[in-house]
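Visitor: I'd like a close look at one part of this structure: the pocket, please. Walk me around it slowly, and then point out whatever else is worth a stop.

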Amino acid sequence: MIISIVLLSIIILRVTPTSGNVLWEFPESFKFGVSTAAYQIEGAWNISDKGENIWDRLTHTRPSVIWDESNADKTCDSYHNYERDVEMLVELGVDFYRFSISWSRLLPTGFSNQISKQGLAYYDDLIDELIHFNITPLVTLYHWDLPQTLQDLGGWTNPLIVKYFEDYARVVFENYGDQVKNWITINEIPQICVDGYAKGINAPQVSANGIGDYLCAHHALLAHAKVWHLYNDEYRHSQGGRVGIVIYTEWVEPESTSKEDIEIAERGMQFLIGWQAHAIFSSEGDYPKVLKDAVLNRSLDQGYASSRLPTFTEKEIDYVKGSSDFLGLNYYNSIMLWNTKNKFVELKFIVPSREDDLGYDSYFNENWTKTISPDFTVFADGLKYVLKWVKKEYNNIEVIITENGYPSYPGLGDLERINYINQHLIAVWDAMINNDCNVTGYSVWSLMDNFEWISGYGICFGLYEVDFKSEARIRTARASALVYEEIIRSRTIKPNYFRNVSQVESKTSTLIILLNMEYI
Ligand code: BGC
C-alpha cells in the first residue's frame, strides 16, 4: 500500500503544475459544484404526460445527424435515478448542484394551461433530496429543450416567446421558489441561436445564417430580462432569491502584441461575449457599438433595407440593462482570429453570416493542448483573461463559472481531466487573488457522462462514468471525481491529494486503474 501511495503521489505531482510547497487555497465563501442539463440526463422522454421537445423531434426524425445515431430517450435515466445522482453529489461534497428543468416535462403543451403533476413531483423530489443533504440547487430554466409546440410557432424567432417564457417561469417560481434561491434563465445564447437557428446544426436545425441567430438572440435577451423583472417585482421580496443568466464565452487571444491584432481580438470579444452580455451588464446597455455598426454596414452593402441585427427601443435598453444578479460563465477553450493581412489568402464566408460580419475566421493556436474532440483545446490562462476582461468591461459583476469541463473517451483513469480541472481552478484562483475578480463559484461539466447533443455518447464529460449498456445505468467514480472531492474538502489545489491510508483504501478500485495506467 505504501508503494501505491508513493506511485500515486508521483502521478499527481506530474499532472499538477506546482512547485515547492505552493498551494492554491480558496476562501470558505467560494462554492464548488457540478452541472447537468435535463435533456442530457433525464431520459423518460415520454413518461407520464411529458410533451415532445425539439431534441426529441430531431433525434427521432433525423437520427443520422447525431454521430452515433443515438438519442436521449433513456440516457442516464436520472428521472428514475435521481437519488443515486444526489448520492454522488454527497460523495463529491459539492456545495451546489446546477441542473435544468425540462419545460415540456412541466408544461406538456408548452403553455401554462396544463401543468404536469408528475413533472411537478419529479423536480419537487429532486429539490427535497438536495436540500435534505444541504446541497444548494442552482436551477436553469432553459437548457436548449424547447417544447416542440412552441417551435411549431417559430420558437425563439417568434417575439411571443418572451411571454411564453415568462408564463413558464411563473409556474416554476410559484412551485419551487420557496426552496430554490438561485436561478438561471437561459443557458448559452450562441449555442441555441447560432447552432439552432443559423447553421442548422442543433435542434431545431433552422438554417438562416446572419438573420436567425440575431433574431433568436434578441428574443432570448428580452425573455431573460422579462423573467428577471418578473422575479424582481413579484417574488424577490417573499422568496429572497436571485436570478442570473449563463453566457458562453471563449477568450480571443490576439495573434501578436501589435495594436492591430489586439484590436481584432477585442472586436472578437465584443462579437462573442459582448453580443450576449453588453445589453445586460454594461453601464450603457444595448448591443456593443462595434457589432451594431458592422452588421448595419454589411447589411446595407448586401442590399438589405435595414440591419439584420434587430434594434432595441430606448425602453427595452433600459429594461434589459441591469437585469441579472450575477453572471454565469461557461468556459471551455480559447480561439484566435486569423488576421489575413500579409498572408495572401482571401477568406470566403457564407454571406450573410456572423463570421462575415465579424470579418475574421477563428482557429486554435497549435501550441494549445488538443483533446479527442476537434471542437475543444486546452488553454487555461484564457479563463483568467476572460475573467479580467469581464471585470473591466462589466464593473466587476459577480461571476460564477457555471461550466468548465474536459472531453474524453470512456475509462476511469482520466488524468487529463484532473489536469484540466487543476489548471482552470488555478486560473480562477489567480484571477480572484491576484486580480481582484469577483468570482464566487466554480462548477464542473459534468457530474456524469451524458447525451452530448449531436456527438451522442461518443464523448464523455463525466466525473462519473455511466455504463449506458446496463439497464440501471450504473455510475462509477472516475479518478477525477476522487480528486475533485479532495479539492472541495480541502478547498485547496495541491500536489498530493491522497494523504492517508484510509482514504486510499476506500478508493481502491479506481486507484488500481490509475496505477495500471500507461502514465507510470
Ligand atoms: C453545454 C452543455 C454541453 C457542453 C459540452 C456546453 O456548451 O451547455 O450542454 O454538454 O457544452 O459540449
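Guide: Quick vocabulary first: helices (H or I, at least four residues) and strands (E, at least two) are DSSP runs, numbered from the N terminus. This is a predicted model, so local features need pLDDT of at least 70 and side-chain atom pairs pLDDT 80 or more, while totals for chains, interfaces and linings use all residues. Residues count from 1 along each chain as its sequence is written, and side-chain values use heavy atoms, without hydrogens or water.

Now for the pocket itself. The largest pocket (an open set of 1 Å grid points over the protein atoms alone, with protein on both sides within 12 Å along at least five of seven lines) holds about 1,200 Å³ of space, counted as the space filled by probe spheres on points joined across faces, edges and corners. It has 43 lining residues (an atom within 4 Å of a point), and Gln 191, Asp 195, Tyr 248, Glu 250 and Asp 375 come closest to its centre. Which elements give two or more residues to that lining? They are the helices α9 (189-197), α11 (259-281) and α14 (354-358), plus the strands β6 (242-252), β7 (327-337) and β8 (362-363). By type, the lining splits into 23 nonpolar, 10 polar and 10 charged residues; here Ala, Val, Leu, Ile, Met, Phe, Trp, Tyr, Cys and Pro are nonpolar, Asp, Glu, Lys and Arg charged, and the others, Gly among them, polar.

So what takes up the space? The ligand does: its place is the largest pocket (more than half of its atoms lie within 2 Å of the grid points). Look around the ligand and you'll find Gln 40, His 143, Trp 144, Asn 187, Glu 188, Tyr 332, Phe 376, Glu 403, Trp 445, Glu 452, Trp 453 and Phe 461, each with a heavy atom within 4 Å. That shell breaks down into 6 nonpolar, 3 polar and 3 charged residues. Some of these neighbours make polar contacts (N or O pairs within 3.5 Å). The side chain of Asn 187 puts an N or O atom 3.0 Å from a ligand oxygen. For Trp 445 that distance to a ligand oxygen is 3.2 Å, and for Tyr 332 it is 3.5 Å. Of the 310 Å² that the ligand exposes when taken alone, the protein buries 95% (Shrake-Rupley, 1.4 Å probe).

There are closed spaces to visit too. The structure has 6 cavities of 30 Å³ or more, a cavity being points where a 1.4 Å probe fits but cannot get out. The largest cavity comes to about 70 Å³. Among its 14 lining residues, Ile 41, Tyr 97, Phe 99, Tyr 122 and Leu 126 are closest to the centre. Helices α2 (38-41), α4 (78-92) and α6 (117-132) and strand β3 (96-100) each give two or more residues to the lining, which has 9 nonpolar, 3 polar and 2 charged residues. The second largest cavity holds about 60 Å³, and Tyr 39, Trp 45, Lys 50 and Arg 105 are among the residues lining it. In that lining, 4 residues are nonpolar, 3 polar and 5 charged.

Last stop: the loops. Most peptide bonds are trans, and most residues other than glycine have a negative phi. The bond from Val 351 to Pro 352 is cis, with omega about -5°, and Pro 352 sits in the loop between β7 and α14. Another cis bond runs from Ala 203 to Pro 204, omega near 10°, and Pro 204 belongs to the loop between α9 and α10 (212-239). Gln 205 is found in the loop between α9 and α10 as well, with a positive phi near 60°.

Conventions. A polar contact is a pair of N or O atoms within 3.5 Å; within protein, one must be able to donate a hydrogen and the other to accept it, and residues adjacent in sequence count only if both atoms are side-chain atoms.
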